[in-house]
Structure formats: structure tokens, C-alpha cells
Amino acid sequence: MYTLLPEQPADADEVENLYDLTFAPGRTALSSYRLRDGVPALAELSRVARDEAGIVAGAIRFWPVRIGHGGDSALLLGPVAVHPTRQGEGLGGLLIWEGLDAARAAGWARVLLVGDAPYYRRFGFNVLNFIEFPPPTNPDRVMGQELQPGAFAGVSGLVRRFID
């Protein structure tokens, strides 16, 4: 059993330790991290899952980004991580569903991610060939989901930091 709570500033070290544990060293060198530089995660959407003992078992963060010259806003989902001893229990899916529901309720229209299509398709994500992430990003891993019908209509181009 897990308790999902909005991430608080006091959770930051535990969440970063979880990300360090679950992702390869050098994760912060990925191009998606350049989109996060100097931009705070959206606290109202980011979640921490704690187990019965109060230990962080999983976490998900969302970041605002802009798409193309028009500057259409979107959410960047990720990272989402589950402690290795808790993987396979459905916690990652719970975090994703909870995060998407919160984003929809908050009025966001679209969400992007860079990830494995076979995993993320089950949550309603599709590969987007009209959206570009900064290099080096494999275009087959650029995925998105409309949280509001028609949210990607007329939206295309390079994803950039929200504050640029």
C-alpha cells in the first residue's frame, strides 16, 4: 500500500537519491534535462509515493515547456521512477495515471515525454513525428498525449525551456 502525496521541498533529497538509484549515471546529461535547467518542477503535479514505513518508493515530476515558435505550452513528464525493490507492483503506472489526472484537472492541454513506446502507449501516449526535442534525442522516443481534444492541432516544432 502506498500513499501518494504532492512532492514537498523536504522530499527533494530523497527523490533525487531515488532518481540516481534507478537511472544510469549521467542522466542529467540527457537533452531533456536541458529543458529543465533553471525551471522548477510543477509542485502541484509532481508526486511522491511512500510505503507503509514512510520510505519513498516512487516519484514523478512534471515540468512546463514550450513548443515551436508560437510558444505553445505543454507538460514534460519525467522522470518517473520506482525503487528497484518495488518495481513490478504497478506503482509506476499509478504515478503516471495520478499525474495525468492532476494535469487534466489543472487545465493543461498536452503532455510530452521521451520514453519507450511499448511502455507508454498503455497510458495513451503516441509517437509524435511533428515535435522535436533538442539533440541528441531519438525521434522514435518523442511521445505525447492530448489532455484536451485537439490539443496538438497546429502545434509543431522544437521543444524548448519554458522560460526561453
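Colleague: Why does Arg47 count as buried or exposed, whichever it is?

Modeller: This is a predicted model, and in it Arg47 has 9% relative accessibility. Buried means under 20%, so Arg47 counts as buried.

Colleague: What makes Glu98 and Arg47 a salt bridge?

Modeller: Their closest N and O atoms are 3.3 Å apart. The cut-off is within 4 Å, so the pair qualifies. The pair links distant parts of the chain, with Glu98 in helix α3 and Arg47 in strand β2, 51 residues apart.

Colleague: Why is Glu98 called partly exposed?

Modeller: Glu98 has a relative accessible area of 31%. Partly exposed lies between the limits of 20% and 50%, so the term applies to Glu98.

Colleague: How do you know that Asp11 and Arg50 form a salt bridge?

Modeller: The closest N and O atoms of Asp11 and Arg50 are 2.8 Å apart, and the definition asks for within 4 Å. Asp11 lies in the loop between β1 and α1 and Arg50 in strand β2, so the pair ties together parts that are 39 residues apart in sequence.

Colleague: What makes Asp11 and Arg50 buried?

Modeller: Asp11 has a relative accessible area of 10% and Arg50 one of 15%. Buried means under 20%, so the word fits Asp11 and it fits Arg50.

Colleague: Which class do Arg34 and Asp37 fall into, and why?

Modeller: Arg34 has 38% relative accessibility and Asp37 has 33%. Partly exposed is the range between 20% and 50%, so Arg34 belongs there, and so does Asp37. Arg34 and Asp37 also form a salt bridge, with the closest N and O atoms 2.8 Å apart.

Colleague: How many salt bridges does the structure hold, and which residues are linked in a network?

Modeller: The structure holds 11 salt bridges. Glu7, Glu16, Asp20, Arg27 and Arg61 are linked in a network of them.

Colleague: Why is strand β3 described as largely enclosed by the rest of the structure?

Modeller: In β3, residues 56–67, 11 of the 12 residues are buried, so the strand is largely enclosed by the rest of the structure.

Colleague: How do you know that β3 and β4 pair?

Modeller: Pairing needs at least two bridges, and β3 and β4 have 9 in the antiparallel sense, so they pair. Val65 has Ala74 in β4 as its bridge partner. The two strands form a hairpin with 4 residues between them, and Gly68 in the turn has a positive phi of about 65°.

Colleague: What makes β2 and β9 partners of β3 as well?

Modeller: β2 pairs with β3 over 4 bridges and β9 pairs with β3 over 3, both in the antiparallel sense. The requirement is at least two, so β2 meets it and β9 meets it. Ala49 stands opposite Gly58 in β3, while Ile67 has Val159 in β9 as its bridge partner. β2 and β3 form a hairpin with 5 residues between them, and Gly54 in its turn has a positive phi of about 85°.

Colleague: What makes up the lining of the largest pocket?

Modeller: The pocket, with a volume of about 800 Å³, is lined by 35 residues, and Phe23, Pro79, Val80, Val114 and Tyr120 lie nearest its centre. By class the lining has 16 nonpolar, 13 polar and 6 charged residues. Strand β4 supplies the largest share, 6 residues.

Conventions
Residues are numbered from 1 along each chain as its sequence is written. This is a predicted model: local features need pLDDT of at least 70, side-chain atom pairs count only at pLDDT 80 or more; totals for chains, interfaces and linings use all residues. Side-chain values use heavy atoms; hydrogens and water are left out. Buried means under 20% relative accessible area, exposed over 50%, partly exposed in between (1.4 Å probe, protein chains only). On a 1 Å grid over the protein atoms alone, a cavity is a set of points where a 1.4 Å probe fits but cannot get out, and a pocket is an open set with protein on both sides within 12 Å along at least five of seven lines; lining residues have an atom within 4 Å of a point. Grid points are joined across faces, edges and corners, and a volume is the space filled by probe spheres set on the points. Ala, Val, Leu, Ile, Met, Phe, Trp, Tyr, Cys and Pro count as nonpolar, Asp, Glu, Lys and Arg as charged, and the others, Gly among them, as polar. A salt bridge is a side-chain nitrogen of Lys or Arg within 4 Å of a carboxyl oxygen of Asp or Glu.
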